[in-house]
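Visitor: I am new to this structure. Please take me through one part closely, the nonpolar core, and then the charged pairs.

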Amino acid sequence: MKTTDHFKRTIQMYLEQRAAEDALFAKNYRNPAKNIDDCVTYILSYVQKSGCNGFTDGEIYGQAVHYYDENEIEVGKPIQCQVAVNHVVELTAEEKAEARQNAIRQYQEEEVRKLQNRNKPKTAKQTTQVQQSLFDF
């Protein structure tokens, strides 16, 4: 299934937090017959059947919880789509440091390229000679 990893990660983080706070849900969440990929497929099938384009966080999270709460639930077929999530991703300190180093490296490469292009002699424009045709006379 091709879904946005961010969507899957957002759902999984919510479910893990809910399981940490709710002992009854934690039991359902740890059911070996259930997994996050089927949960996402179930949510996407629900969204597709509804015909709507936008949902609140609560509606989507509610469907995720419903998937884990129900023992007999029809997941549906995998759907290939892209999911937009309008949440801010919290980066770890390591990810922030890596992103910063990449940005610095990219900036330095751009500046070096500008300096190299500035010092290059400009090539003389080649003049093209037009050969006259017999029909031009």
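Guide: Here is the core, followed by a buried residue and the salt bridges. This is a predicted model, in which local features need pLDDT of at least 70, side-chain atom pairs count only at pLDDT 80 or more, and totals for chains, interfaces and linings use all residues. Residues are numbered from 1 along each chain as its sequence is written, and side-chain values use heavy atoms, with hydrogens and water left out.

Start with the core. A nonpolar core is a set of buried Ala, Val, Leu, Ile, Met, Phe, Trp, Tyr and Cys residues joined through side-chain atoms within 4.5 Å. Buried means under 20% relative accessible area, exposed means over 50%, and partly exposed lies in between (1.4 Å probe, protein chains only). The largest such core has 24 residues. Within this core, I11, L15, C39, I43 and Y68 touch the most other members. Four helices, α1 (5-21), α2 (23-29), α3 (36-50) and α4 (57-69), each supply at least two of the core residues. The largest share is from α3, with seven residues. Helices here are DSSP runs (H or I, at least four residues), numbered from the N terminus. In soluble globular proteins, nonpolar side chains tend to be buried together.

Now look at I11. Contact means heavy atoms within 4.5 Å. Leaving out residues up to four places away in sequence, I11 touches I36, C39, I43, I60, Y61 and A64.

Next comes Q63, in helix α4. Its relative accessibility is 14%, so Q63 counts as buried. Beyond its neighbours within four places in sequence, Q63 is in contact with Y42, I43 and Y46. I43 was also named among the core residues that touch the most other members.

Turn to the charged pairs. A salt bridge is a side-chain nitrogen of Lys or Arg within 4 Å of a carboxyl oxygen of Asp or Glu. By this rule there are three. One joins K8 and D37, with the closest N and O atoms 2.6 Å apart. K8 is in helix α1 and D37 in helix α3, so this pair ties together parts 29 residues apart in sequence. K8 is partly exposed, at 22%. D37 is partly exposed too, at 37%.

Another pairs D22 with R18, at 4.0 Å between the closest N and O atoms. D22 is partly exposed at 26%, and R18 is partly exposed at 28%.

K114 and E111 also meet in a salt bridge, at 3.6 Å from N to O. Both lie in helix α5 (residues 93-119), three residues apart, about one turn of the helix. K114 is partly exposed at 48%, and E111 is partly exposed at 28%.
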